[in-house]
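Got your viewer open and a selection box ready? Load the model below and we'll walk through it stop by stop.

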Amino acid sequence: TQKRAAAKEAAERSSAKKSQFLAVMSHELRTPLNAIVGFAELLGSPQAEALGEDSRAEHLRTILDSSRHLQSLISDILDASRIEKGTMTLAEQETDAAELVEVAVKMCRDAAERTDATVIARIVDGVELRCDITRIKQVLINLITNALKFSPAGGYVNVGFERLKSDGLAIYVRDSGVGIARTDLERIFEPYVQADEGTARRFGGAGLGLAIARRIAMLHGGNVTIESEPGVGTTARLVLPSERVIWPEPETAPTSRAA
């Protein structure tokens, strides 16, 4: 009887999370769709003739940005589905860890400009990784954009390497933003969950990014961890095991690069 009650409670929690996710997702999808439809209709209307080149270019940028945001949301939904079905697989290659981080940082440049924040990468040259380059880049972009999203204007996000005692690699992403309550630290890794729930949240997102990031890390034999203190900031770490890392000898001094 207790097992049945526990199973029923778990099913109800899962159903409530998915209902919440659908409510949030409908809001998140509608916002870029409205922008795409609205500005496309404007550019195709007789009023478009009165628009100057600057206004026309701005409207096209809005359509493109909204389309990319929509594409990102749909990719997250598909990845979440693959995770639930256990069909997500890795395409592994050898890569330079510093180059991989540098590309991820560059891909977050627009997000940094929107939040008026700076990303500083202190990375060690010569560290080799065996991983799914696209998937690890996806994890890093998720962690960096999360840090930017919750950072104060004019703030800094620091990205760097930590050599673990096991000779594994932790790539950390540290911000000085709003932080996360202790009670939410593990909950935020659950699919369809965000620390800040409701469609009127200050910060957007589908609540899938961290769940997907941790699953990708676990497929590599690693993990994604979060340490945070409200009002002080958050440190996220992508941890990869030693069998996926070749360290240079002797260790190279880290270099700093700003995005």
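What follows is a short tour of a predicted model, going from the whole chain to a helix pair and then to single residues.

**Stop 1: the whole chain**

Start with everything shown as cartoon. The chain has 259 residues, and 39% of them are buried. Colour by secondary structure and you should be able to pick out six helices and nine strands. If you like contact maps, here's a number to keep in mind: among contacts between residues at least 6 apart in sequence, 74% join residues at least 24 apart.

**Stop 2: α3 against α5**

Now select residues 97–107, which is helix α3, and residues 133–149, which is helix α5. At what angle do these two pack? It's about 50°, and the axes are 9 Å apart. That angle makes α3 oblique to α5. As for handedness, the crossing is right-handed.

Switch on side chains for the contact itself. On the α3 side, pick Leu100, Val101, Val103, Ala104, Val105 and Met107. They meet Ile133, Ile136, Lys137, Leu140, Ile141 and Ile144 of α5. Sort the contact residues by class and you get 11 nonpolar, no polar and one charged.

**Stop 3: Asp96**

Select Asp96, which sits in strand β1, residues 93–96. Is Asp96 buried or exposed? Its relative accessible area is 16%, and the cut-off for buried is under 20%, so Asp96 is buried.

Put distance labels on the Asp96 side chain. One goes to the backbone nitrogen of Ala98, at 3.1 Å. Another goes to the backbone nitrogen of Glu99, at 2.9 Å. Then look for partners beyond four places in sequence: Asp96 is in contact with Gly126, Val127 and Glu128.

**Stop 4: Arg244**

Jump along the chain to Arg244, in the loop between β7 (233–240) and β8 (245–246). Arg244 is in a loop, and it is buried, with a relative accessible area of 13%.

What does the Arg244 side chain make a polar contact with? The side chain of Glu92, at 3.0 Å. Next, show what surrounds Arg244, skipping neighbours within four places in sequence. You'll find Leu90, Glu92, Glu128, Leu129, Arg130, Cys131, Leu219 and His220 in contact with Arg244. Glu128 should ring a bell: it also turned up among the contacts of Asp96.

Take His220 from that set and draw a C-alpha to C-alpha line to Arg244. The line spans 8.2 Å, while the two residues are 24 apart in sequence.

**Stop 5: two aspartates with positive phi**

Bring up the backbone torsions for the last stop. Most residues other than glycine have a negative phi. With that in mind, select Asp116, which is not a glycine and has a positive phi of about 55°. You'll find Asp116 in the loop between α4 (109–115) and β2 (118–123). Turn on the surface here: Asp116 is exposed, with a relative accessible area of 51%.

Finish at Asp167, another non-glycine residue with a positive phi, near 70°. Look for Asp167 in the loop between β4 (156–163) and β5 (169–175). How exposed is Asp167? At 35% relative accessibility, Asp167 counts as partly exposed.

Terms used
Residues numbered from 1 in each chain as written. Predicted model: local features only at pLDDT ≥ 70, side-chain atom pairs only at ≥ 80, totals over all residues. Heavy atoms only, no water. Axes fitted to C-alpha atoms, helices over the stretch in contact; angles between N-to-C directions. Helix = DSSP H or I, 4+ residues; strand = E, 2+ residues; numbered from the N terminus. Parallel < 35°, antiparallel > 145°, perpendicular 65-115°, else oblique. Left-handed = near helix turned anticlockwise from the far one by under 90°. Contact = heavy atoms within 4.5 Å. Nonpolar A, V, L, I, M, F, W, Y, C, P; charged D, E, K, R; others polar. Buried < 20%, exposed > 50% of the residue type's maximum accessible area, 1.4 Å probe, protein only. Polar contact = N/O pair within 3.5 Å; in protein donor to acceptor, adjacent residues only side chain to side chain.
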